[in-house]
Each structure stands twice: as structure tokens, then as C-alpha cells.
Amino acid sequence: MKPKKIINLICAIFCLGVFLVNSSMSFAAQNKGKKNSDIEATAAVDKTSIQIGDKFTYTITAKAKKNIEVEFPQILPEDLSGFAIKDFGSSAKGLFAKKTFKHWYLLDTYVSGEHTIPASVVKYRTKGQTDWQELSVNEVKLEVKSVLDNASNRADIRDIRGPKSFTSRTWLYILIVSALLLIIGGVFGFISLKKKQEESKAPPTPAHIIAYEALAALEKKDYIRKGQTKAYYIELSDIVRHYLENRFNIRAPEMTTEEFLLKVKEDSSLSVEHKGLLRDFLTNCDLVKFAKYQPAQTEASLALASARRLVDQTKQEDKS
């Protein structure tokens, strides 16, 4: 082969190589710029900068033809660069040729700094097909600021103090216990005082009740059968005089019979009949007390009956 032909052959081979390389690069560039016309997916956050504790929403959005099924990745907390999942949900909208699928997460964190939520993969397939295809979703960057960044004077922030010992609170406990004891004592004192006041307000025993009880007690002593007639009449006379004092406020016990009858005569509290009954009763008592008169047992019983009748007829009626 002549040298000229060899050179032409080399040039032809070189040109063919250049052509093939350019064609490959052009084909690759065309494929790279070509978008998937069936589905496109992106990830985004509603805030690119937050403070510690703030919540934000991370959303993966897929727009696909109506005949495309979409499966979002199952994202776990460890896949979110330290963010905590507070809530999540999904939605699908679209009535015509395309539908928009969204899968969202409500997140927060207490770690400051630059965070990156890594890329994930969305699966899709045409309805009726069995094999899934994958589509990568972009990563998302987010800045989390510390609340101390805006603090006016960070030097004022101090560490938490350690626990205080029990002895430092001993006086506090003593004061609390003392206060409780004072309150309890005050309550008991108030209840006791209230009870005494109520008891002091109780109505006095009526004069006729006192007299009836005294006459019954005298009867049980059985003075007459024992021959103690004088003691019987003395006590019987005192019962009647004390009754009159309690019932009509007549100071009878300190008076002689004569003085007492004169006092009763001037007083309008007793009727004439009662005054006569009282005069006969006291006169009979004096006969035994001072004149050594010895009445029969029947007469002594009648004297007690007269005293009881006087009380019956002059007692204060119960208004209740």
C-alpha cells in the first residue's frame, strides 16, 4: 500500500472516531436533558430556617399522569437527619390528565445547625403493570437556629443549681406543721365555743317541771310512814315557796308565812281562789312545823295533793 493511501486510511479512521464520539456525547446529552413525561417528583419544606422547637412541614410532591400509580417511600425518624415526626399525612388531587400526590410530615428538632434531609426514592408504575420503577427525589437543606443566638446577654445564662439539702428546708417544714396545728386548734376551739354558746342558749327548765320533780322525790322519801312528819311538811312548804319564786318572781323562801301572805295579797299574779288555797296550805304546814300538830297519813297525802293542784292551776302553759 502506498503511503498516501495509508495516510488517507488513518484520516478516515480518525474522522470516523470523532464522529462516533460526538454522536455518543450528543445522544447522552439528549437523554440527560429529557424529562420523564409520565411523572415528576420533588421534595421541599415550607421554611428553610427555623429556631429550635419550631415545627415545619416536609412534603414530597409527585405529579403524574392519571394512569400512573405512585408509592411514596416509608420514611423513618432516623432517615430525617435527627428531626422528630409529630404528624404526617397524604393527599391526591386532580381530575383530568394529571394528578398531584402529596405525602407530608410535620417535623421539629432541638438540635441547632445545618440539617439535610437526604434524597429519597418514589416508586411508580403504569396501572396494570407489575414492575415498579423508581424516581429519585432531591435532598432538602434546612437551618435550625439556637434561641441563644438572639439573646442580648448570654453571660447572664447560668447552669441549673443542684438540689438543695433537706436541712435547708427544715424550718419551712416546721412552719408548715405549726401553721396546720394552729389551724386545727382554732377549728376545734371554734366548735367548742359554738357548742357552749348553743348550750347556754337552752331555755331554762320551767318552774312547774322543777316543782313536779321535787314533789315526786318527796313522795319517794316516805317521811310520813317513817314518822318524820315535820321534815315532810318543811320540805313540802319549801317546794311550794320555791315554785312561787320561780313562777311569779315572789321572794317567798326568806319571808315568814304572814309576810308572804301579805305579799301575795298585794300581788295580782294569783287569783283569789289560788290565794285562798295557798293560805290554807301554808297555815297547815305551820301547824305541823311550829305547833307540833300531828296530822294523819291521809291528811299529809292531801297536803301534797293540794301543793300539786296549786302547781297545776298556776303553771305556765307550754306555747309550743
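Me: Where is V122 found?
Reply: V122 is found in strand β8, which covers residues 120–126. Keep in mind that what you see above is a predicted model.

Me: Why is V122 called buried?
Reply: Set the value against the cut-off. A residue counts as buried when its relative accessible area is under 20%. V122 has a relative accessible area of 0%, so V122 is buried.

Me: What is V122 in contact with, leaving aside its neighbours within four places in sequence?
Reply: Quite a list! Among its contacts are A41, I60, V70, F72, L135 and V137. Here contact means heavy atoms within 4.5 Å. V70 is worth a second look: V122 and V70 are 52 residues apart along the chain, and their C-alpha atoms are separated by 7.2 Å.

Me: What makes S120 count as buried?
Reply: The same kind of check works here. S120 has its place in strand β8 too. Its relative accessible area is 13%, and that is under 20%, so S120 is buried. Leaving aside neighbours within four places in sequence, S120 is in contact with Y58, I60, P73, L135, S136 and V137.

Me: And why does S146 count as buried?
Reply: S146 lies in a loop, the one between β10 (140–145) and α2 (170–200). Its relative accessibility is 15%, which is under 20%, so S146 counts as buried. Beyond its neighbours within four places in sequence, S146 is in contact with Q51, I52 and S112.

Me: Back to β8. How do you know that β4 and β8 pair?
Reply: Two strands pair if at least two bridges are found between them. β4 and β8 have four bridges, in the antiparallel sense, so they pair. You can look up individual partners in the structure: I68 is bridged to T126 in β8, and V70 is bridged to Y124 in β8.

Me: Which strands are the edge strands of the open sheet with the order β4-β8-β9?
Reply: This open sheet has three strands with antiparallel pairing. Its edge strands are β4 (68–71) and β9 (133–137), each of which pairs on one side only. From one strand to the next, the twist averages 30°.

Me: Which residues of β4 are on its covered face, and which on the uncovered one?
Reply: I68 and V70 make up the covered face, while E69 and E71 make up the uncovered one.

Me: What makes the side chains along β1 a case of alternation?
Reply: In a regular strand the side chains alternate between the two faces of the sheet. Now follow β1, residues 39–45: I39, A41, A43 and V45 point to one face and are buried, whereas E40, T42 and A44 point to the other and are not buried. β1 also has a partner, β3 (residues 56–65), with antiparallel pairing over seven bridges. In that pair, A44 stands opposite T59 in β3.

Me: Let's turn to the helices. Why are α5 and α6 called roughly antiparallel?
Reply: Compare the angle with the cut-off again. The axes of α5 (residues 257–266) and α6 (residues 272–290) come within 11 Å and cross at roughly 175°. Angles over 145 degrees count as roughly antiparallel, and α5 and α6 are therefore roughly antiparallel to each other.

Me: Which residues of α5 and α6 meet?
Reply: T257, F260, L261, V264 and K265 in α5 meet K275, L278, R279, L282 and D286 in α6. The residues of this contact divide into five nonpolar, one polar and four charged.

Me: Which residues touch the most other members of the largest nonpolar core?
Reply: Y232, L236, L244 and L278 do, out of the 30 residues in that core. The elements that give it two or more residues are α3 (207–221), α4 (229–248), α5, α6 and α7 (297–314). The greatest contribution is from α4, with eight residues. L278 touches V240, L244, F260, V264, L270 and L310, not counting residues up to four places away in sequence. Apart from this core lies another, of 27 residues, among them A64, F83, V137 and V140.

Me: How many helices and strands does the chain have?
Reply: Seven helices and 10 strands. Of the 320 residues in the chain, buried ones make up 26%.

Key. Residues are numbered from 1 along each chain as its sequence is written. This is a predicted model: local features need pLDDT of at least 70, side-chain atom pairs count only at pLDDT 80 or more; totals for chains, interfaces and linings use all residues. Side-chain values use heavy atoms; hydrogens and water are left out. Axes are lines fitted to C-alpha atoms, for helices over the stretch in contact, and angles run from 0 to 180 degrees between N-to-C directions. Angles under 35 degrees count as roughly parallel, over 145 as roughly antiparallel, 65 to 115 as roughly perpendicular and the rest as oblique. Ala, Val, Leu, Ile, Met, Phe, Trp, Tyr, Cys and Pro count as nonpolar, Asp, Glu, Lys and Arg as charged, and the others, Gly among them, as polar. Buried means under 20% relative accessible area, exposed over 50%, partly exposed in between (1.4 Å probe, protein chains only). A nonpolar core is a set of buried Ala, Val, Leu, Ile, Met, Phe, Trp, Tyr and Cys residues joined through side-chain atoms within 4.5 Å.
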